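Got a minute to go through a model with me? I'd like to ask some questions and work through the answers.

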Amino acid sequence: MISATDLYHVLTAVVPLYVAMILAYGSVKWWKIFTPDQCSGINRFVALFAVPLLSFHFISTNNPYAMNYRFIAADTLQKLIVLAVLAVWSRVSSRGSLEWSITLFSLSTLPNTLVMGIPLLKGMYGDASGSLMVQIVVLQCIIWYTLMLFLFEYRGARMLIAEQFPDTAGSIISFKVDSDIISLDGKEPLQTEAEVGEDGKLHVTVRKSTSSRSEIYSRRSHGPHSGVSMTPRPSNLTNAEIYSLQSSRNPTPRGSSFNHTDFYSMVNGKNTSNASPRHSNFGNLNFDEENGIGGFGNLSRANGVYGQGNTGYPAPASAGIFSPVSGPGAKKKANGVDAGKDLHMFVWSSSASPVSEGGIHVFRGGEYGNELGIGAHPKDYDDFGRDEFSFANRQGANGTDREGPVLSKLGSSSTAELHPKASASEIKATSMPPASVMTRLILIMVWRKLIRNPNTYSSLFGLTWSLISFRWNVQMPAIVAKSISILSDAGLGMAMFSLGLFMALQPRIIACGKTIAAFSMGVRFLTGPAVMAAASIAIGLKGTLLHIAIVQAALPQGIVPFVFAKEYNVHPDILSTMVIFGMLIALPITLVYYILLGL
């Protein structure tokens, strides 16, 4: 039976976290103490130092030789069961999709263990439960977050191949990706170049669009509103010129310099001198300065290209903590709060320096966004801040309804639906390159993402030190230990403070709509713990271990999955709602589990 003293210990451990979060929320929302740019500086500190050192501290002080393998097996089995069910569902159901499988996996199996789980479980079940939570954190950082990156990059690779090689993807035997490309998330304008080898197979090179490079140069030379840069790039297989266009508002679609007619003529030996060569998917689009690119003009105005809205050229992204979105055209409310600004996670650019989603470099403010050619219309920013995450029908500029995906169809707000060349049905129907080729491509991209994430290093260094320290009883020098401790001690509070800033600068707490929010809450707080309970019982966990396993599965949504969802534009509104609203209701829900399990 749970006593009042036990509940007091739980509240003592958790309430200080909420105090930090509420103070941050009030500092922005009520008292106007911090501006979004100042929040950016705070969150940069959290991203670079506080959270990585907090992770290092917990992992390095945990004995890896005393791990509870049954508890780890139960946690692993839960995730494997969910993965298997989602894989079957995406294959056999007409409503199944890779995007929803990734989102449902995140919701049901990846809780906020580091920031919320360790102090909460320590208050409930003592210090021994904290050690179990650290073991879960190690597995999450090293295995499960890497698996998430793999799935996201796999999705990006499928979309790119379906767009550029709808008929010849099966003939690709190698990919070469330029070193300045960090991800296939669809935010960077990419183009592909294909060469036919002596064996008749395709060798593909992926690089950034030449138009994006020339436009950045042009805008640095002539200012952010100097117009459109049109740089022809001749195909390496024909004499046809393939153009990639980019306006000051819309990201450039990923172009290809591969010509399918020429490929067939080379492989099959047919004479195609009289044939009309087939150009790139985007090679013949006409550019209209007002509405966007050719036939996609209305789409880009309503929904954005690649699901980004009309927010200008977004910076390349990876993983991190928080940063605000703003821009030269950001609309402000009457009380001075930026209506179009939306605090997002920090992302890691190719130079390994965090930049914000809206193109604002944390060192240089708005100048960086202007250099990249951000010339967003004020209405575009207004639409982005208010409308981007809506799952219901939305009013367009002319008063007509803009149809949004609905829960009954498990519709995706991801880029796969917003891009006409990469719909889910077309991707499923398109043949893919051999598995070994796809695996190598995805592993290259995942590796490039991981090496730019400071949490990767903190987890690996912490695990390495714990293996050495507990194996040979080696103590860390006091001067090093105290240097790490003074920053890691601030990590927990600063992480919650950043979450409060994130909440305050969001236009809506429930961004995805009440129906989908309720569905997501059910997956997070009911389905996840239920599957964990079944997996734990199957492994043989009993008593306190079983209770710990179930309660930790009922923790609020993890922050890192939201970072990935926002970066790859796969249901970011759902994950945003689960991080914010889930944190608010997490304490009463976990207390209910704690009380019921203690009866």
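What follows is a short run of questions and replies about salt bridges, backbone angles, burial and record annotations.

Me: Before we start, what kind of model is this, and which pLDDT do local features need?
Reply: Residues are numbered from 1 along each chain as its sequence is written, and side-chain values use heavy atoms, with hydrogens and water left out. This is a predicted model, where totals for chains, interfaces and linings use all residues, side-chain atom pairs count only at pLDDT 80 or more, and local features need pLDDT of at least 70.

Me: How many salt bridges does a search of the whole structure find?
Reply: Side chains of opposite charge can pair when their charged atoms come close. Here a salt bridge is a side-chain nitrogen of Lys or Arg within 4 Å of a carboxyl oxygen of Asp or Glu. By that rule, the search of the whole structure turns up five.

Me: Which helix holds both Lys79 and Asp75?
Reply: These two form a salt bridge, with 2.8 Å between the closest N and O atoms. Helices are DSSP runs of H or I with at least four residues, strands are runs of E with at least two, and both are numbered from the N terminus. Lys79 and Asp75 sit four residues apart, about one turn of the helix, and the helix is H3 (residues 69-92).

Me: Is Lys79 buried or exposed?
Reply: Buried means under 20% relative accessible area, exposed means over 50%, and partly exposed is in between (1.4 Å probe, protein chains only). Its partner Asp75 has a relative accessible area of 2%, so Asp75 is buried. Lys79 has 0% relative accessibility, so Lys79 counts as buried.

Me: Which residues are linked in a network of salt bridges?
Reply: Start with Arg207 and Glu193, whose side chains meet at 2.6 Å, N to O. That pair links distant parts of the chain, with Arg207 in strand E3 (residues 202-208) and Glu193 in strand E2 (residues 190-196), 14 residues apart. The network is made up of Asp178, Glu193 and Arg207.

Me: How many residues apart in sequence are the parts that Lys449 and Glu567 tie together?
Reply: Lys449 forms a salt bridge with Glu567, the closest N and O atoms being 1.7 Å apart. Lys449 lies in helix H14 (residues 435-450) and Glu567 in helix H19, so the parts they tie together are apart in sequence by 118 residues.

Me: Asn473 and His571 have odd backbones; which of them is buried?
Reply: Most residues other than glycine have a negative phi. Asn473 has a positive phi of about 55 degrees, while phi of His571 is near 50 degrees. Asn473, in the loop between helix H15 (454-472) and helix H16 (478-504), is exposed at 60% relative accessible area. The buried one, with a relative accessible area of 0%, is His571.

Me: What covers the buried residues of H18?
Reply: In helix H18 (residues 543-553), the buried residues include Leu546, Ile548 and Val551. The cover includes H3, helix H5 (113-125), helix H6 (127-164), helix H17 (514-539) and H20.

Me: How far apart do the end C-alpha atoms of residues 132-152 lie?
Reply: UniProt, in an unreviewed entry, lists "transmembrane region" at several spans, including residues 40-59 and 132-152; its positions are in the numbering used here, feature names are shortened, and annotations may be inferred rather than shown by experiment. Residues 40-59 are 100% helix, with end C-alpha atoms 27 Å apart. Residues 132-152 are also 100% helix, and their end C-alpha atoms lie apart by 28 Å.

Key
Contact means heavy atoms within 4.5 Å.
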